[in-house]
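Trainee: Could you take me closely through one part of this protein, the sheet pairing, and then place that part in the chain as a whole?

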Amino acid sequence: VLAEYPILRQQLFSADGQSVKMIVQLNAELNIDANRGRMVALVQQMAERHWPAEEVAMGGIPVVFAALNALTEAQFGRFVPLTYAVMLLFLALLFGSWQVCAVALLTMGTATMLSLGWYGSLGHQLNLMTVLIPLVVLLLSSLDLVHLLYAWKRNPRGGLSAAVAKVWQASLLTTLTTMLGFLSLLWSPMAILQQFGLFSAIGIGLCLPLTYFFAAWLLPASTKALSAPQSLQRASNWYGMVYANRRLWVVGVLLLFALFGWGISQVKSDTYTLGYLPQSSTTVRDHERLAASLGHYLPLELLLEAPEGGSLTDSAGLHRLWQLSARLHTAGFQPQLGLPQLLALSANRLGAVDTAAMASLAPEALALAEAHFPDWLSQLYHAESGTGRLTIFGPMMSAGKLLANIEELKGVAAGQAVEVQPAGYLPLYAQLVPL
């Protein structure tokens, strides 16, 4: 079969014939975002029924995102307790009171549990953004508690209630403005940023009342149980030194602004999802194996449409398809596998060797493809709409570079009699850059 259909040999097998490429198309109706990990694992299990696990390598954007989600969930259970422990250690060293640590832990834990509990009850999954919600809650709850304790230490005779009366307005304004900052992410077109902004704001809003509730319940009746906040005096001395040398500090700050302003101009808006994974990741190693044995393997799908009143499968349509394919190939968009290649393969089987002869056999080539490759043809040609499909395989790249390549491809295809529209997941991934 491979001798009769050399295009399959070229596109689906490695040069040494030891590796084969299998393209799995996920059903968009299955809610890929919610089921991506399960579907990728299922494909892996099915492949390992026929090959040893060490001989199976999976790649592609869905595989990378599934790996990122799995890594996020695994790291969530590690870094959250670690950050909590660091903050509790700091508070213990600063105030020397187990009650202060208890208030902080209960506030952070309760606010995090309520915000993430609501998040999970709505069917959302942890991602690279929402995994940071506990860290945001940790920072804001600690600030509320530290402000309260310092106010209490400054006026110990007034008691905790006097300290609350002194700082609650400032703390409330800080809480509200911070919440508004996170809620502004609701205007982002990206769902993960909207979710991160909303549920971070919820957690932040819970911190202030929870801090005062647990403080009233657990803090000692006197500030004598708390260590002297010597850091406050040190900070005051530092501020005095800055004020005394304010001209020198202004010059230093302006120089820093100039340096950082230049640095901001060097920042590039781009994302490379594979780069988020550690080099030891199975997904990274699989990518390297795929690239080494099969070359470019990342599929970019193109929707092909005939001009109004025309067809992709008549003689003129086939000629236009092959012209488009040849032009894309010359511009470096290769390898290709799609409707032009399938119909060319069928025409070759009928004895045609040049494009003119192949185009003259258009009806016969289509009939042969329907007879020998009905399933493949159904993936590449939709008879009711008259649209076709062409897949171009490229290297794994950043979203910015992919967007530039797509724009270049559109430029190459412009002016052709076949309308070309990038489709599938990769164009959506590339749109992360302008967002």
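Mentor: What follows looks at the strand pairing and then at the whole chain. This is a predicted model, in which local features need pLDDT of at least 70 and side-chain atom pairs count only at pLDDT 80 or more, while totals for chains, interfaces and linings use all residues. Residues are numbered from 1 along each chain as its sequence is written, and side-chain values use heavy atoms, with hydrogens and water left out.

Strand 1, residues 298–305, runs antiparallel to strand 4, residues 387–394, and eight bridges join the two; strands here are DSSP runs of E with at least two residues, helices are runs of H or I with at least four, and both are numbered from the N terminus, while two strands pair if DSSP finds at least two bridges between them. Within this pairing, Leu 304 has Gly 388 of strand 4 as its bridge partner. Strand 1 also pairs with strand 5, residues 419–423, again in the antiparallel sense, over five bridges, and there Glu 305 stands opposite Glu 419.

Turning to the whole, the protein chain has 17 helices and five strands. Its radius of gyration, taken over C-alpha atoms, is 31 Å, well over the 22 Å that the globule rule (2.2 Å times the number of residues to the power 0.38) gives for 435 residues, so the chain is more spread out than a compact globule. The C-alpha trace spans about 100 × 55 × 40 Å along its principal axes, and 41% of the 435 residues count as buried, meaning under 20% relative accessible area with a 1.4 Å probe, protein chains only.

Note on methods: Buried < 20%, exposed > 50% of the residue type's maximum accessible area, 1.4 Å probe, protein only.
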